Amino acid sequence: MKALISLLASAVVASLAATAASAATFTIINNDAAGVGFNDPTVVAPVGGNTGTTLGQQRLNVYADAAAIWGAALPSNVDIRVRAQWTALTCTATSAVLGSAGSNSIFRDFPGAEFPSTWYGGALADKLSNTDQDPGVHDINANFNINLGNAGCLTGSFFYLGLDANHGSNVDFETVLLHELGHGLGFQTYANGATGALQGGFADIFARNLRDVANARQWTDAAETNANRAASSISGVGLIWTGTNTTNWAATHLGKRPVLIITAPAPAAGSYFVGTASFGPALTAVPLAGTIVAAIDPDEMVTGSTTTDACSALTNAAAIAGNIALVDRGVCGFTVKAANVQAAGAIAMIVADNVAGVAPPPGLGGTDPSITIPAVRILQSDGVLIRANLPATGSLGLDPVLPAGANLANQMFMYAPNPFQSGSSVSHFDTSATPNVLMEPAINGDLTHNLSNEATLQVMTDIGWFRTPLPVQLTTFSVD
């Protein structure tokens, strides 16, 4: 049984040592018009090991390299056909959808399927059946943002086309390609995360590994409902991956979870999820302890009034000095807040969100090398509770036991923010994973091109890519 499906957007904004029994072959289908995208004749200089001398050729060279990396990692005797094109995707001056990809067709109840009545993406169905389920038709469709870096589209941050990950402040195109091919190869559910409805009423192999924590059920359990699946899709840490290979990987590769611990007063005592900052020093296993005090500064909007957002010089510097400053999100950038509380003598900053959310909270973005104190973000509800019980005694650090990006059983959190984010929710790992992993909803600058020690390959193992060893063949790729 075959079904055509709409592409999952797979929006991205700015260990198993894999020895495949049979390396997969990729065919890249260039779907661009003359002079566009992969056919752009603009003359460019070779960069980072990419010897292409036109923009289009360099783009194709990176694509071929990414396909070769995936080809060496996965076994299949059936050609994996990837159609790709450059097009205008969603953009603002400060953020952009870099790419989108997914399976072009899905199949169930084919010879070799591990589970009956279960959807598989085309490339995986071909591999398991050792037969092209849809001859001559591409397995994966991919789009890339042709406007990236132009004014109004993540202005000034372009795709880096070198093969050496030396992208600096630009976006590494090869990492984006590896991410998007990951979706097309099976890192996606075909269920509707917003409604919880299964595709055509049938499970899919990815969803078989998703667990609704609140109801203690897999997404594909007979007793699980559409409403429960939808609720888990916006539950934060309430949606986990239960695949054994990924769980085993997480137990040995994830770092420890950053936490805020409050010991007094009693109403606020407990352990809190925090999102960490891209600026300032990282939290460590040695807790940074102190008294938590509210920062107070003049209200920029109302003359003569005060606020607690730290968007201007603090008026209670004497109370802040030597303590941990609690500030509210809003009005100004996170680095501005950090600079103001640091100037007042704070040893750390806690930013309480100004909108409702679910744990774990996102991190704090920004760059400022002058910031020398750690900063974290907490949920709005946690901020309300803590603020009502100030001053409080607390500490910031890494939990000695809990993993970053997983529960105590090392089952990794899936991305389940509230509200639901179409194209990102469910079919990605949560952003709290440390170190960063390839299949988060954002492309992080510290990612490498090595799949052999990455969580993504463990998911591929969980969904069946390595289930049946096949005869050895050479890794190849071709470009149509």
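Hi everyone, this is a short walk through a small sheet, a pair of helices and one further helix. Please keep in mind that we are looking at a predicted model.

Let's start with the sheet. It is open, with three strands in the order E12-E11-E13 and antiparallel pairing. Strand E12, residues 217-218, and strand E13, residues 239-241, are the edge strands, and each of them pairs on one side only. If you follow strand E11, residues 210-212, you will find that E11 and E12 are joined in the antiparallel sense over two bridges. Which residue of E12 is the bridge partner of Arg211? That would be Gln218.

Now for the helix pair. Helix H5 covers residues 244-253 and helix H9 covers residues 455-462; they pack with their axes 7 Å apart, at an angle of about 155°. Angles over 145 degrees count as roughly antiparallel, so that is how H5 runs relative to H9. On the H5 side, the contact is made by Thr244, Asn245, Thr246 and Trp249, and on the H9 side by Ala455, Gln458, Val459, Thr461 and Asp462. Sorted by class, this contact has five polar, three nonpolar and one charged residues.

Last stop: helix H8, residues 380-387. Its buried residues are Asp382, Gly383 and Ile386. Looking down the axis of H8, these buried residues fall within an arc of 100°, so they line one face of the helix. As a general reminder, an α-helix has 3.6 residues a turn, so residues three or four places apart point the same way. And what do the buried residues of H8 pack against? Five strands answer that one: E14 (256-264), E15 (270-273), E20 (324-328), E21 (348-352) and E22 (375-378).

Thanks for listening!

Notes
Residues numbered from 1 in each chain as written. Predicted model: local features only at pLDDT ≥ 70, side-chain atom pairs only at ≥ 80, totals over all residues. Heavy atoms only, no water. Pairing = 2+ DSSP bridges. Helix = DSSP H or I, 4+ residues; strand = E, 2+ residues; numbered from the N terminus. Axes fitted to C-alpha atoms, helices over the stretch in contact; angles between N-to-C directions. Parallel < 35°, antiparallel > 145°, perpendicular 65-115°, else oblique. Contact = heavy atoms within 4.5 Å. Nonpolar A, V, L, I, M, F, W, Y, C, P; charged D, E, K, R; others polar. Buried < 20%, exposed > 50% of the residue type's maximum accessible area, 1.4 Å probe, protein only. Arc of directions from axis to C-beta.
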